[in-house]
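Me: I'd like to go through a few labels on this one and check what earns them. Can we start from the definitions?

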Amino acid sequence: MKLKKITAIEPVSLLDETKREVEKYFEEAVFYDTFPENEEEIIKRIGDSDAIFVSYRYPIGEAVLKECKNLKYIGMCCSLYSKASSNVDIRYAREQGICVKGVRDYGDQGVAEYVIGEVIHMLQGTGGHPPFLGVESEVSGIRAGILGMGASAQAVAAALSAFGADVSYYSRTRKRELEERRGYHYLELDELLASCNVICSCLSKNVVLLHEREMDIMGDNTILFNTALSPCFDAEAMKKWLQKENTWYFCDTLMGLGEEELLQYDHVSCLKKSSGMTSQAVARLNEKVLVNLKEFLEETGYDH
């Protein structure tokens, strides 16, 4: 038995060779190279598809899934860390017998290189501003604090540590093995914010830790990075914090930026794209997306 149709409802970073491989398993494969304008268009694009590929950009919630009766498989061409942080309503999908598979750990190295590159520019004053610490400095001169300690955070921490930074972290669960092996220090949130001059948030999507109180604790002379797919802070608190002396905010995606009004601030920098999507990361993503699809076909008895 062979599934009839799969649709990538938007550009999802699939390589041509991956598309050709996918086409082997379906009677019809549709790969959209434009973004849908609204939920109605998403539903129209899915249509009678048995399977779809999606990214993190659009919510695929109960309202969409109710209209797409043929769906049996949703392949997320993006990170899936938890049901709560996913843009797909995984609970409802699984209740309807729809298999949802995502990937992990494909773009962490690019994120780490983005952070370390910007830190070096700031410390040496090569980014168009005076050196962050007043004089040209090395990474070994900073105290770095990491919020979260998942795979992406571990890559960032390892890069900073390799350059000599003193690395501390805050996480819901302590990673004692990393503390012993890497020499990281676990600190409670307030202590980390008060003692570190470079802070990198690698939290899950929709997790907000930094409100006005926490940003007051961070205070002056601090660089904040956010590499998550949503702001880790309260927007009004961020605007107040940016009025302090020598405070800087760096993020890669517009989703992580939050309000685009922040782009008007001199000390805000946003790449407007994912730092993790290097050519190597795209190759890893494609490999994992194919593995997920083949596993689903094997598990369900469809031709593959």
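Reply: Sure. Two strands pair if DSSP finds at least two bridges between them. Keep in mind that this is a predicted model.

Me: What makes β6 and β7 a pair?

Reply: The cut-off is at least two bridges, and 5 bridges join β6 (residues 143–147) to β7, so they pair, running parallel. One of the contacts puts L147 opposite Y170 in β7 as its bridge partner. Helix α6 (residues 151–162) goes with β6 and β7 in a right-handed β-α-β unit.

Me: And why do β7 and β8 count as paired?

Reply: They have 2 bridges and at least two are needed, so β7 and β8 (residues 185–186) pair too, again as parallel strands. Here Y169 has Y186 in β8 as its bridge partner.

Me: Why is the contact of E10 with R57 called a salt bridge?

Reply: The closest N and O atoms are 3.4 Å apart and the limit is within 4 Å, so the pair qualifies. E10 sits in the loop between β1 and α1, R57 in the loop between β3 and α3, 47 residues apart.

Me: Why is E10 called buried, and what is R57?

Reply: Buried means under 20% relative accessible area; E10 has 1%, so E10 is buried. R57 has 36%, which lies between 20% and 50%, so R57 is partly exposed.

Me: How do you know that R213 and D190 form a salt bridge?

Reply: Their N to O distance is 2.3 Å, which is within 4 Å, so they do. R213 is in helix α9 and D190 in helix α8.

Key. Residues numbered from 1 in each chain as written. Predicted model: local features only at pLDDT ≥ 70, side-chain atom pairs only at ≥ 80, totals over all residues. Heavy atoms only, no water. Helix = DSSP H or I, 4+ residues; strand = E, 2+ residues; numbered from the N terminus. Right-handed = clockwise from strand over helix to strand, strands pointing away. Salt bridge = Lys/Arg side-chain N within 4 Å of Asp/Glu carboxyl O. Buried < 20%, exposed > 50% of the residue type's maximum accessible area, 1.4 Å probe, protein only.
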